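Reader: I'd like to learn how to read a fold like this one. Could you walk me through it, one feature at a time?

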Amino acid sequence: MTDAPFLRFGTPQGRMTRGGIIAVADHASNRVPDDIELGIPAELMDKHIAIDIGTAGIAERLARKHGIPAQVATVSRLVIDLHRNEGDDALVVTSSDGHTIPGNIGADVERRIAEYHRPYHEAFAEMVAEARPALILAIHSFTPIMGSTGEERPWDVGLLYNQDDSAARIAIDSFTDMGFTVGDNEPYSGKQLNATMDRHAEANGIPYLTIEVRQDLVARKSHQAVWAERIAQVAQQVLAALGPR
């Protein structure tokens, strides 16, 4: 595994076609660097508090099968949440979903920012500048039941957005036409948390889709391949509907 906080897929010899689609997966890994000890049971590292299950496989499939270059995280959100802004109190959490994270109490947050958060976002900013994409996909997944409340989540897939909902509105209709139950800014609201797309998409005037897929639908590699196909199809429909910009 690379020591860098990210991997790239679908960019042979570093070349990317301009004006197309690129993807990013901020919570794709449950890796904890050797010099960090979180102090939690190993089995928690396979749960949602540590990783967005299925997103690494979807992002890699988008790149290798559908020609959508992707950057994926290679450190767990419990090490540092790459989908938060510097200075956010939840950047390095000391508890998550009812579990205390002892190794993060008193952690050197600035060091983790310098080693993981900043290089990750600088690299994606370079990717955006090089690709000049017409659309960015942010790939996430969510639990079928909210752990803290026991509330069931009925959506198969959700589209999140903050100020710019132009792409999301089209994608919501596309996934609905496929027969899915679609969350409109559910199960989370992009009005409250949209850090990566605020920074790399909205700030640059680039349309985007923040896509949340329910984890039980993407736990298996075969299911990840199917969802990558669906996401690629919807992304192309969105591009066509948005037209030249």
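Author: Sure. Start with pairing: two strands pair if DSSP finds at least two bridges between them. Bear in mind that this is a predicted model.

Reader: With that in hand, in what order do the strands of the sheet run?

Author: The order is 1-3-2-6-9-7-8, an open sheet of 7 strands with mixed pairing. Strand 1 (6-9) and strand 8 (182-184) stand at the edges with a single partner strand each, so each has one side without a neighbour in the sheet. On average, neighbouring strands are turned by 20° against each other, direction ignored.

Reader: Which way do strand 2 and strand 6 pair, parallel or antiparallel?

Author: Parallel: residues 21-25 of strand 2 and residues 135-142 of strand 6 are joined over 4 bridges. Ile-22 sits opposite Ile-136 of strand 6.

Reader: What packs on the sheet there?

Author: Helix 1 (residues 55-66) does, touching strand 1, strand 2, strand 3 (70-73) and strand 6, and its direction makes about 150° with that of strand 6. Helix 2 (residues 109-131) also packs on the sheet, and its direction makes about 170° with that of strand 2.

Reader: Let's stay with helix 2. How do I check its length?

Author: Compare the expected span with the end-to-end distance. At 1.5 Å a residue, the 23 residues of helix 2 should span 33 Å, and the end C-alpha atoms are 31 Å apart, which agrees. The helix still bends, by about 30° at His-117, with Pro-119 following within four residues. After helix 2 comes Arg-132, whose phi is positive, near 45°.

Reader: And how do I read which residues of a helix are buried?

Author: An α-helix has 3.6 residues a turn, so residues three or four places apart point the same way. In helix 2 the buried residues include Ile-113, Tyr-116, Tyr-120, Phe-124, Met-127 and Val-128. The buried residues of this helix pack against strand 1, strand 2, strand 3, strand 6 and helix 4 (195-200).

Reader: What about the nonpolar core, and which residues have the most contacts inside it?

Author: In soluble globular proteins, nonpolar side chains tend to be buried together. Here the largest nonpolar core has 72 residues, and Leu-62 and Leu-137 have the most contacts inside it. Leaving aside neighbours within four places in sequence, Leu-137 contacts Leu-62 itself, along with others including Ile-21, Val-24, Ile-68, Leu-209 and Ile-231.

Reader: Is His-140 buried or exposed?

Author: The cut-off for buried is under 20% relative accessible area. His-140 has 3%, so it counts as buried. This histidine lies in strand 6. Beyond residues up to four places away in sequence, His-140 touches Asp-26, His-27, Asp-52, Thr-55, His-83, Thr-210, Ile-211, Glu-212 and Val-213.

Reader: How are the faces of strand 7 placed, covered or open?

Author: Both are covered: Val-157 and Leu-159 are buried on one side, Gly-158 and Leu-160 on the other. Strand 7 pairs with strand 8 in the parallel sense over 3 bridges, and the partner of Gly-158 there is Gly-183.

Reader: Now something less hidden. Where is Gly-205 found?

Author: In the loop between helix 4 and strand 9 (208-214). Gly-205 is partly exposed, with a relative accessible area of 47%. Ala-56, in helix 1, is partly exposed too, at 28%. From C-alpha to C-alpha, Ala-56 and Gly-205 are 26 Å apart in space, and they are 149 residues apart in sequence.

Technical notes: Residues numbered from 1 in each chain as written. Predicted model: local features only at pLDDT ≥ 70, side-chain atom pairs only at ≥ 80, totals over all residues. Heavy atoms only, no water. Core = buried A, V, L, I, M, F, W, Y, C linked by side-chain atoms within 4.5 Å. Buried < 20%, exposed > 50% of the residue type's maximum accessible area, 1.4 Å probe, protein only. Contact = heavy atoms within 4.5 Å. Helix = DSSP H or I, 4+ residues; strand = E, 2+ residues; numbered from the N terminus. Axes fitted to C-alpha atoms, helices over the stretch in contact; angles between N-to-C directions. Expected span 1.5 Å × (residues − 1). Bend = angle between axes of the 7 residues up to and from the residue.
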